[in-house]
Amino acid sequence: MSGGFTAGGVAHAPSRTVRTVILGLVGLIFAVPIVAMIEFTLRAGLVGGYNVDRWVALFQSGFTGVYRPVLVALGNSVALAIGTVVIVLLLLVPTMLLVHIRFPRLRRGLEFICILPITIPAIVLVVGLAPVYAIVARLLGSGVWTLAFAYGITVLPFAYRAIQSNLDGVDVKTLTEAARTLGAGWGSILVRVLVPNLRRGILAGAFIAVAVVLGEFTIASLLNRVNLQTALVVVSKVDPYTAVILSLLALAFAFLLLLVIGRLGAPRTRTSRRRTTVKGPA
Amino acid sequence: MTALPLNNPQPTASARPGTVVEFTGVVKEFSGMRALDGFNLTLHAGEFVALLGPSGSGKTTALRVLAGLESTTAGSITIDGVDVSTLSTSKRDMGMVFQSYSLFPHLSAGENVEFGLRMRKIKPAERRRRAAASLAMVGLDDHFDRFAHQLSGGQQQRVALARALVTEPRVLLLDEPLSALDAKVRVQLRDEIRRIQTELGITTLFVTHDQDEALAVADRVAVMRAGNIEQVGTPEELYSRPATPFIADFVGLSNRIDGVVRSARAEVYGTKLPLIDPATPDGAVRVSIRPEDIEFALEGLAATVVASSFLGSLRRTTVRLVDGTILFLQHGVRVRPAAGETVFLKFTGAPVSTEQLAAVSAAPQQP
């Protein structure tokens with residue numbers, strides 16, 4: 001990918017052809033397993049040939065019977081994704097802003113803590129989390145939603161990087177000071193100045209959080225909670241074809257979900273205004 | 001804090017009496033280092049004061065302490081007699097323009113200017129009208145809908161100025177607002193800031209490290225060194241009567257020549273010159289002489305021309321004396337000395353400042 005190029009560095013940007021080729025290659029790599037999955041679900045038994053019988057059967061059954069738990073599990077996973085995003089927005093974002101503006105010396109420490117979860121395998125994490133969840137279960141019950149606490153930790157490295165890179169690109173200190181001299185309190189600064197300018201990073205962080213949570217298996221499985229992935233594994237033991245169909249549907253759902261989040265968080269359109277030419281220096 | 005006219009719907013600039021700002025013994029320490037060391041300064045109503053000094057002299061700290069962006073360690077700051085030391089920045093009612101571009105990138109120029117009015121809960125219609133008027137004042141009325149990235153550096157700083165002034169603050173703070181701009185825009189905007197400041201009659205504190213800028217626009221210039229004011233005065237006073245060699249050196253260009261003080265006169269190369277400070281004790285000194293206070297003559301001090309450069313309205317010539325001392329002269333462009341030429345110099349007799357040689361590296365002298 002274009003990691004070697006500076007962000008927004010138009011002068012060093014790859015040419016149109018190069019970009020198309022890179023995009024095509026990456027797209028191909030992602031497309032292969034998806035196409036393979038579709039091909040698998042269309043196989044008409046051992047004799048060869050293809051038909052859509054399994055898709056039709058699943059939709060005609062209306063997701064009842066053995067597939068019912070998958071829908072419930074999907075609901076669980078969406079709720080967990082929302083919970084995790086809330087944790088990122090209400091805990092991580094304000095903490096990062098506070099450290100960035102008021103306690104810059106703590107930045108190294110915060111970065112270390114936030115990157116840490118990526119170095120710890122999920123299985124190891126669960127070993128530590130199990131006794132913690134014994135207490136959580138006693139205090140808050142053993143609802144699936146409590147997994148959001150664990151997921152809040154596992155998405156830290158990804159969300160942190162996404163937000164931090166945006167934070168580095170904005171002169172937060174000066175903007176904050178300018179807003180203060182103009183009479184803004186900390187609440188107004190957060191809502192009217194910081195969040196709008198960090199929208200991209202926060203959105204990216206939320207995206208990644210949603211994607212990670214929808215794909216999470218290990219922690220849920222080992223803590224005996226039902227989420228989308230654990231339910232799919234259960235189905236795949238009974239009917240591997242339908243499990244793949246459900247996986248494809250889950251993939252499409254996640255894609256749509258991210259699209260919707262992107263729409264909701266997009267800044268108000270100003271394409272028409274942006275087209276106005278820039279005048280030379282004053 | 002109901003005393004502050006934050007929500008005053010329509011205070012007119014002319015009806016508003018200028019604001020007096022007073023720093024008294026302000027100390028600011030950063031982890032053991034004193035950025036301000038008993039700083040005293042009074043800004044009279046409607047006055048344009050420049051804080052001039054090398055980097056690290058504490059000038060920006062003084063401004064930030066007044067804005068409330070830094071707390072004070074000791075001392076008091078009053079605005080119109082009311083102590084504001086503990087008041088938060090958002091309630092101090094000041095307009096500030098920053099060194100780095102500080103427009104909110106997600107808002108258009110007009111929305112940027114409206115920001116302060118929005119914080120004061122002014123109605124949308126009036127907000128828009130006042131923002132437009134403020135942008136017109138800086139000559140950008142047709143840029144209301146532009147975003148920061150569509151504006152040049154000079155335009156961004158103009159919008160920042162409009163944004164700082166639209167709330168009709170009591171004090172305008174300028175933190176090196178011109179230093180990121182190129183030379184031509186810098187001079188234009190500098191003069192425009194002065195014009196607008198004079199029109200509004202707003203008390204203004206302007207921080208800069210550029211002496212030309214300070215001398216050109218300020219009513220009074222305060223030269224800072226090591227957290228304190230070394231001298232404060234009109235630009236003319238600072239230039240012609242520098243209290244210390246530091247000032248003489250920092251404000252304008254100076255030749256520094258060894259000499260002696262004897263009965264209230266400085267003697268250099270056999271010429272007796274009047275002293276700015278007649279109380280200077282006798283002894284060996286280093287004399288600061290302005291390049292325009294040395295001129296060519298038919299006879300006098302012999303020197304060899306090293307180089308001569310054309311600076312537009314004047315010419316600056318470097319000469320070497322017989323003893324090896326290098327001197328700068330400033331003179332009219334029609335005199336064109338050639339390198340290697342032998343010339344004769346004389347001093348015009350303008351008063352000079354001196355520095356006792358034994359105390360060269362000592363603390364600032366008495367003002």
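Guide: A contact here means heavy atoms within 4.5 Å. The model before us is predicted, and this definition lets us read how its chain folds back on itself.

Visitor: Among the contacts in chain B with a separation of 6 or more, what share joins residues 24 or more positions apart?

Guide: Such pairs account for 67% of those contacts in chain B.

Visitor: How many helices and strands does chain B have?

Guide: Chain B has eight helices and 20 strands.

Visitor: Into which domains is the chain divided, and how far apart do their centres lie?

Guide: Domain 1 of chain B covers 21-240 and domain 2 covers 253-359. Their C-alpha centres lie 38 Å apart. The C-alpha atoms of chain B as a whole fill a box of roughly 75 × 45 × 40 Å along the principal axes.

Visitor: How should one read the order of strands in the open sheet of four strands?

Guide: The order in chain B is β2-β1-β4-β5, and the pairing is antiparallel. Strands β2 (33-43) and β5 (82-83) of chain B each have a single partner strand, so one side of each is left without a neighbour in the sheet.

Visitor: Over how many bridges do β1 and β4 of chain B pair?

Guide: Strand β1 (residues 21-30) and strand β4 (residues 74-79) of chain B are joined over five bridges. As one example, Glu22(B) has Thr78(B) in β4(B) as its bridge partner.

Visitor: What portion of chain B is buried?

Guide: Taking buried as under 20% relative accessible area, buried residues make up 50% of the 367 in chain B. The accessible surface of chain B is about 15800 Å², and carbon and sulfur atoms contribute 52% of that area.

Methods: Residues are numbered from 1 along each chain as its sequence is written. Chains are lettered from A and ligands numbered from 1 in the order in which they are written. This is a predicted model: local features need pLDDT of at least 70, side-chain atom pairs count only at pLDDT 80 or more; totals for chains, interfaces and linings use all residues. Side-chain values use heavy atoms; hydrogens and water are left out. Helices (H or I, at least four residues) and strands (E, at least two) are DSSP runs, numbered from the N terminus. Buried means under 20% relative accessible area, exposed over 50%, partly exposed in between (1.4 Å probe, protein chains only). Accessible areas come from the Shrake-Rupley method with a 1.4 Å probe; for residues, only the protein chains shown count as cover. Domain bounds come from an automatic or database domain assignment. Two strands pair if DSSP finds at least two bridges between them.
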